[in-house]
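Work through the two exercises below, which concern cysteines and aromatic rings, and compare your reasoning with the solution after each task.

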Amino acid sequence: MSILRMTHIGICVTDLDRSVRFYRDLLGFKWRSELRIQGEPTETLLRLRDVDLHAVYLERDGTRIELLHYVSPGAVGDGEPRPMNGRGLTHLSLRIDDFAATVSALRAAGVRILDETLLDFTAFASGAVFVCDPDGTLIELVQAPGDPEVPPGA
């Protein structure tokens, strides 16, 4: 077996333009490409019927996300954030350098801040909070001292 590389993380969205603006304008992802596909063989791969899909690829710090907008058959779910102990992908995490300013700017932009998750340790120049993308995908924002390249617990 030979895995060559990770390609992307897919995120289903209900309004592609709104989600592109969120990830690009507020979180600093850069536009890479887009793809429009319908029918087979995509229907077989995705296990969906009547597929009309518009995907946009954005990238930040070497991580590529694929925003998937299903014109047909449409997105499912209620848009509420999944619980952290739900199976599968739980969240994206971004390192930030000014906790108060970042949270304030996102709040002013209308981003849903999960205030009940807010940890603000100003004296230690650190903090964390979860915010939601326009469709409820959880995004963890973390400010911590030290080298941002070192993974937690290392």
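**Exercise 1.** Determine whether C12 is buried, exposed or partly exposed, and establish how many disulfides there are.

*Solution.* C12 has a relative accessibility of 35%, so C12 counts as partly exposed, given that buried means under 20% relative accessible area, exposed over 50%, and partly exposed in between (1.4 Å probe, protein chains only). The model is a predicted one, in which local features need pLDDT of at least 70 and side-chain atom pairs count only at pLDDT 80 or more, while totals for chains, interfaces and linings use all residues. Residues are numbered from 1 along each chain as its sequence is written, and side-chain values use heavy atoms, with hydrogens and water left out.

Next, take the bonding criterion: a disulfide is a pair of cysteine sulfur atoms within 2.5 Å. By this rule the count is 0 disulfides. C12 is in none, as the nearest cysteine sulfur, that of C132, lies 16 Å away. C132, for its part, is buried, with a relative accessible area of 3%.

**Exercise 2.** Classify the aromatic pairs that involve Y23, and state which residues form one aromatic cluster.

*Solution.* Rings of Phe, Tyr and Trp (its six-membered ring) pair if their centres lie within 6.5 Å, with planes under 30 degrees apart counted as stacked, over 60 as edge-to-face and the rest as tilted. The structure holds 2 aromatic pairs. The ring centres of F22 and Y23 are 5.0 Å apart and the planes stand at 85 degrees, so this pair is edge-to-face. Y23 and F29 also form an edge-to-face pair, at 5.8 Å centre to centre and 85 degrees between the planes. Finally, F22, Y23 and F29 form one aromatic cluster, in which Y23 is buried at 0% relative accessibility, F22 is buried at 5%, and F29 is buried with a relative accessible area of 5%.
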